[in-house]
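Subject: Structure handover

Hello,

Here is the structure I said I would pass on. Please open it next to this message and follow along.

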Amino acid sequence: MNIVLIIAWVLALISAMVVLPDSAYLSYIDFHTLGLLFCLMAVMAGANRLGVFRQAADRLLTKVKNSHQLELILVFLCFISSMLITNDVALITFVPFAIQVLEMAGMRKRIVPVVVMQTVAANLGSMFTPIGNPQNLYLYSKSGMALSAFFKLMLPYTLLAAVMLLGMILLRKCVVLGDLQ
């Protein structure tokens, strides 16, 4: 049995004992957001069944020169896309794609490091735009600042994050000598 699922159920039961269930429980669920996420996942599953990801993966694998270049592309795909489609949507979209690409390339051992870096990248990249994550949207709307001022404020942090991500991938290349190709 899945230990994470068991822990989630135990914590949910403890939570239900702290705040006793009542008719308001249903109002806690944001069905609109869940519906949107379900639709997104359904579209992604449909695209996967149609072979869209396989074709994109084939094309990507013919263009890259080595495994580290592939990692850079997969990580920075999340970094950049999270600025436009939010960090969560970027991960829902590109983590399955990365897994498929890495499996097709025979690099299963790189799945976990790449997905971890994609998660970090999506969260760091999303800070650049007001729509990248909910916190930014809230802060942007409350601050009343111009969009250009927001970009100017966030640009140094976003560039630093990109450089650090690049450094992490290159450091991994140097440290894991057995993985060099």
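Where is the place of T86? T86 sits in the loop between α4 and α5. Before going further, please keep in mind that this is a predicted model.

T86 is worth a look for its backbone. Its phi is near 70°, which is a positive value in a residue other than glycine. Most residues other than glycine have a negative phi. T86 is partly exposed, since its relative accessible area is 25%, and the buried class stops under 20%. A positive phi also turns up at G144, just after α7, with a value of about 75°.

Helix α7 itself covers residues 134-143. Of its ten residues, one is buried, so the helix lies largely in the open.

Next, the helix packing. I looked at two pairs.

The first pair is α4 and α6. Helix α4 runs over residues 67-85, and α6 over 111-125. Their axes are 7 Å apart and make an angle of about 30°. Angles under 35 degrees count as roughly parallel, so α4 and α6 are described as roughly parallel to each other. The crossing of α4 past α6 is right-handed. On the α4 side, the contact is made by E71, L74, V75, C78, F79, S82 and M83. On the α6 side, the residues are V114, M117, Q118, A121, A122, L124 and G125. Sorted by class, this contact of α4 with α6 has ten nonpolar, three polar and one charged residues.

One residue from that list deserves a separate look. Is Q118, which lies in helix α6, buried or exposed? Q118 is buried, because its relative accessible area is 0%. Not counting residues up to four places away in sequence, Q118 touches L74, V75, C78, L91, F94, V95 and A98.

The second pair is α3, residues 52-63, and α5, residues 87-104. The axes of α3 and α5 come within 10 Å and cross at roughly 55°. That angle makes α3 oblique to α5. Here too the handedness can be stated: α3 passes α5 in a right-handed crossing. From α3, the residues F53, R54, A56, A57, D58, L60 and L61 meet T93, F97, Q100, V101 and M104 of α5. By class, the residues in the contact of α3 with α5 divide into eight nonpolar, two polar and two charged.

Then the charged pairs. How many salt bridges does a search of the whole structure find? The search finds two. Side chains of opposite charge can pair when their charged atoms come close.

One of the two joins R110 to E71, with the closest N and O atoms 2.4 Å apart. This pair links distant parts of the chain, 39 residues apart: R110 is in the loop between α5 and α6, while E71 is in helix α4. Both R110 and E71 are buried. You have met E71 already, as one of the α4 residues in the contact with α6.

The other salt bridge is between E103 and R108, where the closest N and O atoms are 2.3 Å apart. E103 counts as partly exposed, with 40% relative accessibility. R108 is exposed, because its relative accessible area is 57% and the exposed class begins over 50%.

Finally, two residues from the early part of the chain.

Y25 has its place in the loop between α1 (3-18) and α2 (31-49). With a relative accessible area of 26%, Y25 is partly exposed. Leaving aside neighbours within four places in sequence, Y25 is in contact with S15, A16, V19 and L20. Y25 and V75 are 50 residues apart in sequence, and their C-alpha atoms are 38 Å apart in space.

A12 is found in helix α1. A12 counts as partly exposed, at 39% relative accessibility. Its C-alpha atom is separated by 30 Å from that of A121, and the two residues are 109 residues apart along the chain. A121 is one of the α6 residues in the contact with α4.

Regards

Terms used. Residues are numbered from 1 along each chain as its sequence is written. This is a predicted model: local features need pLDDT of at least 70, side-chain atom pairs count only at pLDDT 80 or more; totals for chains, interfaces and linings use all residues. Side-chain values use heavy atoms; hydrogens and water are left out. Buried means under 20% relative accessible area, exposed over 50%, partly exposed in between (1.4 Å probe, protein chains only). Helices (H or I, at least four residues) and strands (E, at least two) are DSSP runs, numbered from the N terminus. Contact means heavy atoms within 4.5 Å. A salt bridge is a side-chain nitrogen of Lys or Arg within 4 Å of a carboxyl oxygen of Asp or Glu. Axes are lines fitted to C-alpha atoms, for helices over the stretch in contact, and angles run from 0 to 180 degrees between N-to-C directions. Angles under 35 degrees count as roughly parallel, over 145 as roughly antiparallel, 65 to 115 as roughly perpendicular and the rest as oblique. A crossing is left-handed if the near helix is turned anticlockwise from the far one by less than a right angle, and right-handed if clockwise. Ala, Val, Leu, Ile, Met, Phe, Trp, Tyr, Cys and Pro count as nonpolar, Asp, Glu, Lys and Arg as charged, and the others, Gly among them, as polar.
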